[in-house]
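Here's a quick tour for anyone meeting this structure for the first time. Have a look at the picture, then read on.

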Amino acid sequence: MASLNEPPAVDLAGVVAGYGRAAVLEGIDLRVDSGELVGIVGPSGAGKTTLLRLLTGEAARYDGRVRLFGEDVTARPPRRLGLVPQLGSLDWDFPLRVRQAVLLGLAPETGRVPWFSRPEHRRADAMLDRLGILEYANRPISDLSGGQKQRVLLARALVRDADLLLLDEPTSGVDIATRHDVLHLLGELNADGITIVLTTHDLNWVATHLPRIVCLNRGVVADGPPTQVITTENLVLTYGAPMRVIHDGASVVVVDEEPLVGRLPAAPSDAV
Amino acid sequence: MDLLVEPFGYTFFVRAAVAGVLVGGMCGALSVFIVLRRMSYIGHGLSHAVVGGVAIALALDLGLYVGAVASTVVAAVLVDRVGRRRGLHADASIGIVTTALFALGVLVVSRLPVRVNLDAMLFGNILAVTTQDLLVSGGVALGLGLVLLRWWKTLVAVTFDPDVSRVHGIRTAATELSFNLLVAAVVVASIRVLGVLLIAAAVVIPGAIGRLVSRSIGTILAVAVGVGVGTAVVGLFASFHLNVPSGPSIVLVGAVAFVLTYGTTAAVSAGRLRQVRLATRESTT
């Protein structure tokens, strides 16, 4: 939990940002304290990835303030930041073993020889063990499943002692079991004190499991616990489409307002 | 046996062999990153840019290397800058910059009274390897070796994932520009042995062969350097005995090595698949 004197992990105030002349995000105010786990949801083009790129210093900021741990974000991101990209953005046929891929997280700070030291190997193995994939350390990364690949990327970000993790669509293109796996892993990392900010298209996933959601559509539409944020009004403002919100105890489930099933002709019966 | 010993009786061949080993090793080492970065076109482009630079330098009586270095450095920097513009990728950048420099060179050659031995420049000539060429090749090889030793991990990290490497604190822009300049230096050092038209193949084939036989980047580097040196030596012997230009000879040896490796690895994969199918059938019956 963040102390009163500690600056927030993420601090955005009045931010206008984008690429070239086009502003993708406008008037963004967002504060994430150390130790929080926050999911950012929104439709395609809402600015989710731009928000992450703003935090990594890649998107152009036209106005406002962007700070990580109290320091202005410049072209050189802070040491405490770890980025986990989308699985599909990498070439998984790249000739690396799992341990080598994780060790690359230490490349910026390592010695001037072409190999990693024994202590660095031990750090990588400890991280692989923590994430439950030490047994795959010597396998080519091309042989891994989606969930294992996700763990390798997390290990690469964490091996450098990052205490703020940014994840871009961590559940994109993975099956339900892997999604469940990734979620619990993130929960454990967050319980260990790592601040996590992730983007996702998967509304029900974040609505069910994350303590805080930010609905984004070029600006912050709503921000807070899922039970408060996930409302029909907010979803219309965020996605521009009507959705039904079902409350199930402490969690909420979102379904399409007009499901296709029931409006289509019935499938032929086997009993004919 | 005479076929192997006889060429070493000639000083020019000894010089060419030394240059060939250096050039083959350098091209092999760089080819790993060129293949992994999917920039196979860069060797082709930079070698074309050399023609422009050399023509202009000779017209101004500045010497071959001055023109070659100037044009490849300008091309490497421009390729890097143009390729960073949103919406343009490396292939478009290479195509525009290097072809423009090539066109400039052709224009200069056509307008000024410059005498250039185009055959030797385009296809390589082992008779023409001078002590100065050896010094250039040796210097570039030494520099490349030191860079790879010092920045190996950085290069691998940036090649695998440039975006995250930057966020994690690596100066990716400087790394990528330095890599392009390294390719430019190797292209310049390879002109005499390989010729500008054939450098492109020499900076791709060894890495491609390494990629076929291994899934570990360290092993791929070792294989690529070995293939680069081996094809250069065999190609030089063929060039000597068959009295053909050294560039095509080296590249053809490399192409044959690639075909053989491709066939062998495909046969090995098919054999493994057959074994798995047989084992599966036996276990189900």
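## Strands side by side in chain A

Let's start with a pair of strands: S7(A) and S8(A) run parallel and are joined by five bridges. One spot to find along that pairing is A:Leu165, whose bridge partner in S8(A) is A:Ile196. Keep in mind that this is a predicted model.

S8(A) also pairs with strand S3 of chain A, residues 37–41, again in parallel and again over five bridges. Here A:Gly39 has A:Leu198 of S8(A) as its bridge partner. On the S7(A) side, where S7 covers residues 164–168, there's a parallel pairing with S6(A) over four bridges. In that pairing, A:Gly82 sits opposite A:Leu165 of S7(A).

## What's hidden in those strands

How many of the six residues of strand S8 of chain A are buried? Six of the six, so this strand, residues 195–200, is largely enclosed by the rest of the structure. In a regular strand, side chains take turns between the two faces of the sheet. In S8(A), A:Thr195, A:Val197 and A:Thr199 point one way, while A:Ile196, A:Leu198 and A:Thr200 point the other way, and all are buried.

Strand S6 of chain A, residues 81–84, is covered on both faces too. A:Leu81 and A:Leu83 are buried on one side, and A:Gly82 and A:Val84 are buried on the other.

## Chain B: helices and no strands

Now over to chain B, which has 13 helices and zero strands. Its radius of gyration is 21 Å, close to the 19 Å that the globule rule gives for 285 residues, so chain B is as compact as a globular protein of that length. Its C-alpha atoms fill a box of roughly 80 × 60 × 35 Å along the principal axes.

Inside chain B, buried residues make up 47% of the 285. Take the contacts in chain B with a separation of 6 or more: 77% of them are between residues 24 or more positions apart.

## The outside of chain B

What does the accessible surface of chain B come to? It's about 13,400 Å², and 68% of that belongs to carbon and sulfur atoms.

As for charge, chain B carries 20 positive and 11 negative side chains. The centres of those two sets lie 10 Å apart.

Technical notes:
Residues are numbered from 1 along each chain as its sequence is written. Chains are lettered from A and ligands numbered from 1 in the order in which they are written. This is a predicted model: local features need pLDDT of at least 70, side-chain atom pairs count only at pLDDT 80 or more; totals for chains, interfaces and linings use all residues. Side-chain values use heavy atoms; hydrogens and water are left out. Helices (H or I, at least four residues) and strands (E, at least two) are DSSP runs, numbered from the N terminus. The radius of gyration is taken over C-alpha atoms; the globule rule is 2.2 Å times the number of residues to the power 0.38. Buried means under 20% relative accessible area, exposed over 50%, partly exposed in between (1.4 Å probe, protein chains only). Contact means heavy atoms within 4.5 Å. Accessible areas come from the Shrake-Rupley method with a 1.4 Å probe; for residues, only the protein chains shown count as cover. Lys and Arg count as positive and Asp and Glu as negative; His and the chain ends are not counted. The place of a charge is taken as NZ of Lys, CZ of Arg, CG of Asp or CD of Glu. Two strands pair if DSSP finds at least two bridges between them.
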